[in-house]
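I opened this notebook to keep a record of what I looked up, one entry at a time. Each entry begins with a place in the chain and then says what I found there.

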Amino acid sequence: MPNSSAVSGFYRMPLKDRLRFLAEFSDLAAEELNLLSNTGALPFHVADRMIENVVGAFPIPLGIAVNFLINEKDYLIPMAIEEPSVIAAASFAARMVREGGGFHTTSTPPIMIGQIQTVNVADPHRARLAIYSRKTDILEKANEQDPILVSLGGGARDLTVKTVHAPSGSMLVTELHVDCRDAMGANAVNTMAEAVAPLIEEITGGRVYLRILSNLATERIVRAHVTVPKDAVGGEDVVEGIVSAYHFAAADPYRAATHNKGILNGSIAVVMATCNDHRAVEAGAHAYAARTGRYIPLSTWEVNQDGDLAGSLEMPMAVGIIGGAISTHPVAKIVLKILRAKSANELAEIIGAVGLAQNLAALRALAHEGIQKGHMRLHARNVAIAAGATDDLIDRVVEQMVREGRVRADRAKEILEVLRKTTQ
Ligand code: MEV
């Protein structure tokens, strides 16, 4: 049995050799290897091109959120998520929002920022202005890297230069503003940033280190707002509770983090289902929430003059409908078809609307009956299955645990044992 993880050329091994190595190292049984290497709807050869050292695929449930009306258009929304209740909650919130006319969304052009860090500049103020004076040349160099993006109406549009005061001294940071059209754009932006670096060194006399996209996508923003009739939400009291929950989040970063986590429950599930980069969206969301120096909620809730609930959301949304895994993952391609999103902007707006819906559902539950009531039954199902319940025993174990108010692994096992004995 090998006990060293040092392997050379693991990526060159055929799948069966990778699995054999893994089986020996981790003592995996044949059925575990079968389960692991069953890549399901994602063929092995596709997975093997997406990432390195592939040994299988990791399935996450994909569900459909219903009732969404966004800018007068109906949507069925695929969401990939492991957490129970999220899809039911999104669908429930979308139904309430529908009664007030649905979601209204807008988004900025799909502009991403690429940063080029220059250090050891003797005269940074002169150098900064020198970069501006060569803006046309720099943008031209950037755009030479991606003629297809340029032909589609995208490309490097602008640049800005700032001085960053780091502990090690001042550095110049040049920021390329690139219209990525329907791509998320990380590859295009990084290629451009690397290509213009020698020119920046020549202009400044400094040394370029980092050339990389920023995930704080302040120029790629999605906005969504809703008005929900008070009766649809559950009355004045619930409206007050939701607004008060927002005030809590606005005043306390500990609550704001959880408030935003609720938004991301919805948004990230759609980002995942479309095979977009969820780490990029999460990093952008949290950095945007902290942009004032204090971490605040990404959404707001208030009462309008009719006593109805008005909600809004604003956050960066760096997602695409073409490129990378989005275009190769067979399920992601079907997800995009279900969504009927014709552009990256439309997808971004859907994801913003789902985030706002998810937030509304969570705040309503928290302000009204508490979050555990809805969660408990689904949680109990997972506990029952983990304890070994199958078929109709699952529901019977769930019923009993919920009735007793004891949803725990040990209790599930006890109930299961009794049920098995009595049904034998
Ligand atoms: C749980 O996944 C998400 C919530 O905690 C969000 C919130 O508290 O607003 C319910």
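**Entry 1: charged pairs**

I started with Arg408 and Asp410, whose side chains meet in a salt bridge with a distance of 3.0 Å from N to O. I should write down at once that the model is a predicted one. I then looked up how open the two partners are: Arg408 has a relative accessible area of 39% and so is partly exposed, and Asp410 is partly exposed as well, because its relative accessibility is 41%. Salt bridges that share partners also join Glu404, Arg406, Arg411 and Glu414 into one network.

How many salt bridges are there by this rule? I noted a count of 20, and I picked out two further pairs to read in detail.

The side chains of Asp277 and Arg279 form a salt bridge, at 3.3 Å from N to O. Asp277 counts as partly exposed because its relative accessibility is 28%, whereas Arg279, with a relative accessible area of 52%, is exposed, since the cut-off for that word is over 50%.

The other pair is Lys16 and Asp17, where the N to O distance of the salt bridge is 3.8 Å. Here I found Lys16 exposed, with 56% relative accessible area, and Asp17 partly exposed at 22%; buried would mean under 20%, so Asp17 does not fall in that class.

**Entry 2: a negative patch**

Next I turned to the surface, where Glu99, Asp231, Glu236, Asp237 and Glu240 form a negative patch. Which helix gives the largest share of the negative patch? I traced that share, three residues, to helix α10, which covers residues 236-251. Glu236 is found in helix α10, and I recorded Glu236 as exposed because its relative accessibility is 58%.

**Entry 3: a nonpolar patch**

I also looked up a nonpolar patch on the surface, formed by Ile64, Val66, Leu76, Ile334 and Ile338, which together have about 380 Å² of accessible area. When I asked where its members sit, I found that β1 (62-70) and α14 (330-339) each supply at least two residues of the patch. Leu76 lies in strand β2, residues 73-80, and counts as partly exposed because its relative accessibility is 45%.

**Entry 4: two residues inside**

Is Ala94 buried or exposed? I found Ala94 in helix α4, which spans residues 86-98, and with a relative accessible area of 1% Ala94 is buried. Leaving out residues up to four places away in sequence, Ala94 touches Val66, Asn67, Phe68 and Phe103, and Val66 is also one of the residues I had listed for the nonpolar patch. I compared Ala94 with Ile70 too: they are 24 residues apart in sequence, and their C-alpha atoms are 9.5 Å apart in space.

My last lookup was Thr174, which is found in strand β6, residues 169-179. Thr174 counts as buried because its relative accessibility is 0%. Which residues does Thr174 touch, not counting residues up to four places away in sequence? I listed Gly114, Gln115, Ile116, Ile131, Leu159, Thr160, Val161 and Ile200.

Conventions:
Residues are numbered from 1 along each chain as its sequence is written. This is a predicted model: local features need pLDDT of at least 70, side-chain atom pairs count only at pLDDT 80 or more; totals for chains, interfaces and linings use all residues. Side-chain values use heavy atoms; hydrogens and water are left out. Patches are made of residues with over 30% relative accessible area and no salt bridge: like charges are joined within 9 Å, nonpolar side chains (Val, Leu, Ile, Met, Phe, Trp, Tyr) within 5 Å. Accessible areas come from the Shrake-Rupley method with a 1.4 Å probe; for residues, only the protein chains shown count as cover. A salt bridge is a side-chain nitrogen of Lys or Arg within 4 Å of a carboxyl oxygen of Asp or Glu. Lys and Arg count as positive and Asp and Glu as negative; His and the chain ends are not counted. The place of a charge is taken as NZ of Lys, CZ of Arg, CG of Asp or CD of Glu. Helices (H or I, at least four residues) and strands (E, at least two) are DSSP runs, numbered from the N terminus. Buried means under 20% relative accessible area, exposed over 50%, partly exposed in between (1.4 Å probe, protein chains only). Contact means heavy atoms within 4.5 Å.
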